[in-house]
Amino acid sequence: MVAPPLMFSGHLDFRLHLVLATLAGRAIKIDKIRSEDMEPGLKDYEISFLRLLEKVTNGSIIEISYTGTTVVYKPGLIVNGTLTHSCPISRSIGYFIEPLLLLAPFGKSALSLTLTGITSNGIDLGVDTIRTAIFPIYEKFGISRQELRIARRGSPPLGGGEVTLFLPHIVLCPNTLHAVVDTPPVLKIRGIAYSTRVSPDSVNRIIDGARSILSGTKCETFIYSDVARGEESGKSPGFGVTLVGETRTGWCYTSEAVGEAGVVPEEVGKRAACALLKEIAIGGMVCRVQVATLITLMVLGREDIGRVLLGANVIDESFVRLLRLIKLFWGTEARIKKHESDEPMFESEDDRDEKDDDTDSNNEQVEEYVLSIKGTGFVNANKKIA
């Protein structure tokens, strides 16, 4: 007997509903999508994501009502393949890549996907953030060899960027994660500042602005510059920066900032640097943009208890909604317990061999929690068929 579709209302977590439904093999129905708005129904980027989902799967059935306020989705098998997709300029390419990263490792074959559009817009994850901060999360679960090549950068509003996503690693089941030690201090800070169709000096000004804030951490800091010229610069002028704070154990924190009208490059660098320090101050093993990916992969792991250390500010409304969806699709629950830690947030070059007990700002107490959740023993459906 076929199980009835799970019911959802509203456009909130639209991509997450579709991704979890595909992984769990459950049909879903989403109604009342912006039913009270002046322009009700699905937006162009949501329809584009449905088309992309249809490309990477085989046998999926998507039904959209006449008004666009109701969607019925019956997932098929993830097949991947070599694909191309044109993303609307209303959202960036990261909006489409982020959910695909959760699906591709469980497909029938490798995924090679070329996407065109805006590479970074300050709303969705930028391509540099995905490459430097999201890929390392997958490596913790035994999913490696991902590549994201930026052929052209595209700034808003017209875009014109092009990237190629290559995900060759097909897994049967993710590894179980055990990361409950004290939060490791940040050892070094890396970043990449870019510009398109503006003066190359803008990149140097961004770097100077970021360094003026990060110099107080006494960490080794290096920010690369990427000045796009000619055909590689897309259709619109723009600039931005992505920063990553790396720890000795391979975990990282990230932030990004994109230039807007009337904002000078130095301000963009300072904004990204301050955002990075805030993410580090939260504590835990991951920052806010990584937590949904981390928990989803933990649930898909082997039937063992996985544990991870999270900062208190990571536990917000979206975090709770994710745990509720996981219980709805797989019936598993999470346990959250407070963790005591006295580790410093930063480790300067002088402190690598010995601890400095006199530092006051580096040893601030951070409120952290240990999340424990049992894996569902998820198995790649294509492997079961084979």
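Me: How far apart are the end C-alpha atoms of helix 6, and what should the helix span?
Reply: In this predicted model, the end C-alpha atoms of helix 6 (residues 265-282) are 26 Å apart. At 1.5 Å a residue, its 18 residues should span 26 Å, so the two values agree.

Me: Which residues of helix 6 are buried?
Reply: Pro265, Val268, Gly269, Ala272, Ala273, Leu276, Glu279, Ile280 and Ile282.

Me: Any general reason to expect that kind of spacing?
Reply: An α-helix has 3.6 residues a turn, so residues three or four places apart point the same way.

Me: And what do the buried residues of helix 6 pack against?
Reply: One helix and several strands. The helix is helix 5 (201-214). The strands are strand 12 (186-196), strand 14 (238-247), strand 15 (252-258) and strand 16 (305-311).

Me: What follows helix 6?
Reply: Glycine 283, with a positive phi near 85 degrees.

Me: Switching to the cores. Which residues touch the most other members in the largest nonpolar core?
Reply: Ile28, Ile97, Leu101, Leu294 and Val308, out of 77 residues in that core.

Me: Take isoleucine 97. What is it in contact with, leaving aside neighbours within four places in sequence?
Reply: Isoleucine 97 is in contact with Leu115, Ile130, Leu148, Val163 and Leu165. There is also a second, separate core of 21 residues. Ala273 of helix 6 is in that second core, which also includes Ile207, Ala257 and Cys287.

Me: New topic: the open sheet of four strands. What is the strand order?
Reply: The order is 1-2-5-4, with mixed pairing. Strand 1 (6-9) and strand 4 (61-64) are the edge strands, each pairing on one side only. On average, neighbouring strands of this sheet are turned by 15 degrees against each other, direction ignored.

Me: How many bridges join strand 2 to strand 5?
Reply: Three, and the two strands run antiparallel. Isoleucine 30 has valine 71 in strand 5 as its bridge partner.

Me: Which strands does helix 1 lie across?
Reply: Helix 1 (residues 14-24) lies across strand 1, strand 2 and strand 5. Relative to strand 2, helix 1 runs at about 165 degrees.

Me: Last thing, confidence. What is the mean pLDDT of the chain?
Reply: The mean is 92, and 92% of the residues reach 70 or more.

Me: Where is confidence lowest, and where is it highest?
Reply: Confidence is lowest in helix 9 (residues 381-385), at a mean of 61, and highest in strand 2 (residues 28-31), at 98. Over residues 356-363 the pLDDT is below 50, and that stretch has nine contacts in the model beyond near neighbours in sequence.

Methods. Residues numbered from 1 in each chain as written. Predicted model: local features only at pLDDT ≥ 70, side-chain atom pairs only at ≥ 80, totals over all residues. Heavy atoms only, no water. Expected span 1.5 Å × (residues − 1). Buried < 20%, exposed > 50% of the residue type's maximum accessible area, 1.4 Å probe, protein only. Contact = heavy atoms within 4.5 Å. Core = buried A, V, L, I, M, F, W, Y, C linked by side-chain atoms within 4.5 Å. pLDDT = per-residue confidence, 0-100. Pairing = 2+ DSSP bridges. Axes fitted to C-alpha atoms, helices over the stretch in contact; angles between N-to-C directions.
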